[in-house]
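Got the model loaded and a selection box ready? Let's walk through it stop by stop.

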Amino acid sequence: MKRTLMLVALLGGSAVAQAAQTGVLTIRFLDVGQGDAVLITAPEGQSMLYDGGRSQPRMRTLLQQYGVKSLALVAASHADADHITGLVPAIELFKPKLFLNNGLAANTNIFGKLTATAARVGTQGLLASGRVINLGSVKVTVLPPPVGMPKNDQNLNSVGLLIEYGTFKALMTGDSETAETQGWLKAYPSPFLGPVDVYKSIHHGAANGDNLPWLTAVRPKNVVVSVGPNNYGHPTEKALGLYRQAGATIWRTDQQGTITVQVQPGGEYTVTAGKAGTGAPVRPTGPVPALPRTVPVPAQPPAPADTSYPNCAAVRAAGKAPLLRGQLGYRAGLDRDGDGRACE
C-alpha cells in the first residue's frame with residue numbers, strides 16, 4: 001500500500017457508459033465457459049472489464065446482451081488465453097483509454113493480436129502497481145504481483161483487484177498460486193483484504209490456487225467459481241472443500257450461468273444467477289413440479305344418425321332400403337305389408 005497512487009477522476013466523467021441503476025454497483029461474473037471475465041459497472045455508468053474469457057464471439061454476445069456502450073478500462077489478470085481472448089473484441093468495440101496488465105509478454109498469437117489491437121485503436125498500457133482507480137464512486141485497488149515472482153510464470157504474476165463500494169468488498173485474483181498469495185499476505189494486512197462479501201475463486205478452483213492461510217485472511221462470504229467444461233478437473237474438491245470450510249456460499253458459472261452482484265450505496269447487496277443468453281434468474285433448486293396430467297377423454301359413440309325417415313324415398317335416398325324390423329329407422333308405417341321389410 002506504500003505505493004498507492006490515485007488516478008483521481010480518471011474514469012469519472014467522460015467515459016460514462018450504459019445506463020446504470022441509480023446508486024447501484026453491478027458486478028457480473030460472466031458465463032464465458034472455462035475462463036474468467038468480470039464486467040464491473042459503477043453507479044454512474046462507467047464500466048470496466050477484468051479478463052475476457054477465451055472466446056471472442058461469446059464476449060461480443062455478452063457485451064451486447066448486457067447493453068455495454070463503452071468501456072473506460074480493460075484489465076488482464078495475466079496473459080493466458082482463457083483470460084485475454086475476449087479482451088480483443090472489447091478493445092476493438094469500445095477503444096478504452098487504458099489496458100491494465102502485469103507487463104509480461106506472452107508468446108502466443110492471441111497476446112500479439114491483443115496488443116496490436118490496443119495499439120491500433122489507441123488504448124494505452126497501464127502497468128499494474130499499487131494504485132487506486134476511481135471507477136465513478138467505486139474504489140478499485142490494484143494488487144500488483146508481489147516482488148520476487150518469477151517473470152516466466154504468468155499465474156504467479158496475476159493482477160488482483162479489490163472492489164469497494166460503501167461497506168461492500170469484492171476481491172478477484174486471477175490464476176494466482178500459493179507463492180503469490182503468500183506475497184500478498186506479507187504486503188497487505190488481513191483487515192485490508194477481508195472479510196470480502198464476494199470473492200472470485202482462484203484459477204477456476206484449481207488445486208494449486210486457493211489455500212487455507214489465504215482464505216483465512218480473505219474470509220469470503222460468497223465464492224464465485226468461473227468455470228466451464230474442462231479436462232483439468234476444475235473446480236477441484238480440494239478448493240470446494242476450502243470454500244465450505246470458510247462458510248462461503250458457492251456460485252458456479254458452469255451450473256448457474258452469469259452471476260450478478262448488485263450493491264446498494266450503503267453496501268447491502270444481492271447475488272443472483274442467470275443462464276447465459278437469457279438473463280433469466282435460475283429457479284431455486286427443489287422438487288420439480290409434475291407436469292399436468294393429461295386425462296384421456298373417453299371416446300364418445302358417434303351420434304346416432306337421424307333414423308326418423310319421413311317416407312321410403314328418404315330411406316332409399318339414405319341407402320337403407322329395405323329396412324328390417326329391429327333396425328334403426330324401421331317403423332310399421334313404412335312396412336305396408338307388415339312382413340318386417342320396410343320400403344321393399
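The tour starts with the whole chain, then goes to a sheet, a helix, some charged pairs and two loop residues.

**Before you click**

This is a predicted model, in which local features need pLDDT of at least 70 and side-chain atom pairs count only at pLDDT 80 or more, while totals for chains, interfaces and linings use all residues. Residues are numbered from 1 along each chain as its sequence is written, and side-chain values use heavy atoms, with hydrogens and water left out.

**Whole chain**

Switch on cartoon: there are 10 helices and 18 strands. These are DSSP runs numbered from the N terminus, with H or I over at least four residues for helices and E over at least two for strands. Of the 344 residues, 53% count as buried; buried means under 20% relative accessible area, exposed over 50% and partly exposed in between, with a 1.4 Å probe and protein chains only. Now try a surface: about 16,200 Å² is exposed, and carbon and sulfur atoms supply 55% of it. Those areas come from the Shrake-Rupley method with a 1.4 Å probe, and for residues only the protein chains shown count as cover. Among contacts (heavy atoms within 4.5 Å) with a separation of 6 or more, 64% join residues 24 or more positions apart.

**The eight-stranded sheet**

Colour the strands in the order β7-β6-β5-β4-β3-β2-β15-β16: these 8 form an open sheet with mixed pairing. At the edges are β7 (124–127) and β16 (269–274), each pairing on one side only. Neighbouring strands here are turned by 20 degrees against each other on average, direction ignored; the axes behind that value are lines fitted to C-alpha atoms, for helices over the stretch in contact, and angles run from 0 to 180 degrees between N-to-C directions.

Next, select 37–41, which is β3. 5 of its 5 residues are buried, so the strand is largely enclosed by the rest of the structure. Flip between its faces: Ala 37, Leu 39 and Thr 41 are on one side, Val 38 and Ile 40 on the other.

Add the neighbours. Strands pair if DSSP finds at least two bridges between them. β2 (25–29) and β3 are antiparallel over 4 bridges, with Arg 28 partnered by Leu 39. β3 and β4 are also antiparallel, over 5 bridges, and there Ile 40 stands opposite Met 48. The hairpin of β3 and β4 has 5 residues between the strands; pick out Gly 45, with its positive phi near 110 degrees. One step on, β4 and β5 run parallel, joined by 3 bridges, with Leu 49 and Val 74 as bridge partners.

**Helix α3**

Select 87–94. In this helix 6 of the 8 residues are buried, so it is largely enclosed by the rest of the structure. Show side chains for Leu 87, Val 88, Pro 89, Ala 90, Ile 91 and Phe 94, the buried ones. What do the buried residues of α3 pack against? Their neighbours are β4 (47–52), α1 (56–65), β5 (73–75), α2 (81–84), β6 (98–101) and α4 (109–121). Just after α3 comes Lys 95, with a positive phi near 45 degrees.

**Charged pairs**

There are 8 salt bridges in the structure, each a side-chain nitrogen of Lys or Arg within 4 Å of a carboxyl oxygen of Asp or Glu. Go to Asp 36 and Lys 200, which meet at 2.8 Å, N to O. This pair spans 164 residues, from the loop between β2 and β3 to strand β12 (196–200). Asp 36 counts as buried at 1% relative accessibility, and Lys 200 is buried at 1% as well.

For another setting, zoom to Glu 237 and Arg 244, with their closest N and O atoms 2.7 Å apart. Here Glu 237 is exposed at 52% and Arg 244 partly exposed at 49%. Then select Arg 60, Glu 92 and Arg 120, which are linked in a network of salt bridges.

**Two loop residues**

Try Arg 219, in the loop between α7 (212–218) and β13 (220–225). At 40% relative accessibility, it is partly exposed. One of its side-chain polar atoms lies 2.9 Å from the backbone oxygen of Gly 194. Leaving out residues up to four places away in sequence, Arg 219 touches Ser 190, Pro 191, Gly 194, Pro 195 and Val 196.

Last stop: Gln 154, in the loop between β9 (138–143) and β10 (160–165). Is Gln 154 buried or exposed? At 14% relative accessibility, Gln 154 counts as buried. Beyond four places in sequence, its contacts include His 78, Asp 80, Asn 102 and Leu 104.

Technical notes
A polar contact is a pair of N or O atoms within 3.5 Å; within protein, one must be able to donate a hydrogen and the other to accept it, and residues adjacent in sequence count only if both atoms are side-chain atoms.
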